[in-house]
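Got the model open in your viewer? Let's walk through it one selection at a time.

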Amino acid sequence: MEIQSNFSLKKHNTFGIEAKARQFVAVHSVAELKTILEENSNQKKFILGGGSNMLLTQDIDALVIHIDLKGKEIIEENDDFVWVESQAGETWHDFVLWTIDNNFGGLENMSLIPGNVGTTPVQNIGAYGTEIKDTFISCEAMNIATQEMRTFSNVECNFGYRESIFKNEVKDQYIITSVVYKLTKRNHKINTSYGDITAELAKNNVVTPTLKDVSNAVIAIRQSKLPDPKELGNSGSFFKNPILLKSDFEPIHKKFPEMKYYEVSETEVKVPAGWLIEQAGFKGKRFGDAGVHKNQALVLVNYGNATGQEILAVSRDVQKTVFEIFGIHIEAEVNVI
């Protein structure tokens, strides 16, 4: 393990923002992680995974620890289910494809989401009708202060919409080192409830979709809407879809009857933030090298040399304008550093 100084993080964040780490080290095992934490107990630390859910607006005056733990294995199985453990540093999409290649069902709707496995419980990532909490069994995590390992069960993670205990009660206290998912081996619950998936499958004349068919459909949809971070810096969806009480939504909907929404409970509805942003006139708008993507208004992009501050300014302008027009606050899903 080599600790490097004044280290560029440009290749370690999907926005492609140029920012420096005062110190940087990559760890490849739990033992290495323990050693680094023990030997640098008095230093300020910043934990870095795949760099896909953050916007760097400044240099990091800390020891940046890049979690690069690799490996995946079947730890238990029966006729119907398989319990798979993945190390935190595995690329999420590669892991999803591996489960599909093995005919393990449950993650296919979350194909092509950027980032690493270790951050999936933090955000309770989700797409096209599924979320991590649906298949998540537990995760192993190391206490940063004591280096003790702890197992967090599904219930203990307090999962909500893009929320978990790791963003709230124990924020900055633990580093997730591995995650266990329970997946189906047969009688897969194929979820094609989202219209985009149904349309994509129909376009390809797929009547009885397999896990691979659903994954391919999701990949095609995402590629048509979302830019590849390797080609155009971005962090996927920058904003959360706001969830409103029906009592608050009704007068807004009366004023804007064309507004799209989805019922999430008897008392709440979810409004697509992308629709709000597009109606506010930001889709495809560019401000220097920062902007809003032309195909998906939820995505903020770096056209080359934007700073984190410039992208943050665009995000705040979007939030302000959407609130002024609709009276709805849209919250950033991306962590602003």
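Start with K182 and F81: the lysine lies over the face of the F81 ring, 4.3 Å from the ring centre. A charge sits over a ring here if NZ of Lys or CZ of Arg is within 6 Å of the ring centre and within 35 degrees of the ring normal. Before going further, keep in mind that this is a predicted model: local features need pLDDT of at least 70, side-chain atom pairs count only at pLDDT 80 or more, and totals for chains, interfaces and linings use all residues. Residues are numbered from 1 along each chain as its sequence is written, and side-chain values use heavy atoms, with hydrogens and water left out.

For another charge over a ring, select K285 and F282: the charged end of K285 sits over the F282 ring, 5.4 Å from its centre.

**Next stop: a hairpin**

Select residues 72–77 and 81–87. These are strands β6 and β7, which run antiparallel and are joined by five bridges. Strands (E, at least two residues) and helices (H or I, at least four) are DSSP runs, numbered from the N terminus, and two strands pair if DSSP finds at least two bridges between them. β6 and β7 make a hairpin with three residues between them. To check the register, pick K72 and look across to S86 in β7, which stands opposite.

Zoom out to residues 17–186, where UniProt (unreviewed entry) places the feature "domain: FAD-binding PCMH-type". UniProt positions are given in the numbering used here, feature names are shortened, and annotations may be inferred rather than shown by experiment. This span is 14% helix and 37% strand, and its end C-alpha atoms lie 43 Å apart.

**Aromatic rings**

Now show W92, F95, W98, F104 and Y181 as sticks; ring pairs link them into a cluster. Rings of Phe, Tyr and Trp (its six-membered ring) pair if their centres lie within 6.5 Å; planes under 30 degrees apart count as stacked, over 60 as edge-to-face and the rest as tilted. By this rule there are 16 aromatic pairs. One of them is F95 with W98, a stacked pair at 6.1 Å centre to centre and 20° between the planes. Both residues are in helix α2 (residues 92–101), three residues apart, so about one helical turn separates them.

Buried or partly exposed: which is W98? With a relative accessible area of 24%, W98 is partly exposed, whereas F95 is buried at 0%. Buried means under 20% relative accessible area, exposed over 50% and partly exposed in between (1.4 Å probe, protein chains only). W98 also pairs with F104: their ring centres are 6.1 Å apart and their planes at 75°, so this one is edge-to-face. F104 is buried too, at 6%.

**The annotated site**

Select R162, S237 and E333, which UniProt (unreviewed entry) lists for "active site". They span 172 residues in sequence, yet no two of their C-alpha atoms are more than 11.5 Å apart, so they gather at one spot.

Centre on R162, in the loop between β11 (149–153) and β12 (174–184). R162 is buried, at 10% relative accessibility. Its side chain reaches the backbone oxygen of G126 at 3.0 Å, a polar contact (a pair of N or O atoms within 3.5 Å; within protein, one must be able to donate a hydrogen and the other to accept it, and residues adjacent in sequence count only if both atoms are side-chain atoms). Beyond four places in sequence, R162 touches residues including Q123, K167, K240 and E333. Contact means heavy atoms within 4.5 Å.

Hop over to E333, in the loop between α8 (308–326) and β20 (335–336). E333 is buried as well, at 13%. Leaving aside neighbours within four places in sequence, its contacts include N53, R162, S237 and F239.

From F239, move to Q319 in helix α8. Q319 counts as buried at 16% relative accessibility, and F239, H329, I330, E331 and A332 are its contacts outside four places in sequence.

**Last stop: an open sheet**

Colour β13, β19, β18 and β17, which form an open antiparallel sheet in that order. At the edges, β13 (233–234) and β17 (286–287) each have a single partner strand, so one side of each is left without a neighbour in the sheet. Which strand pairs with β17 over two bridges? Look at β18 (residues 290–292), which runs antiparallel to β17. To finish, pick F287 and find its bridge partner in β18, A290.
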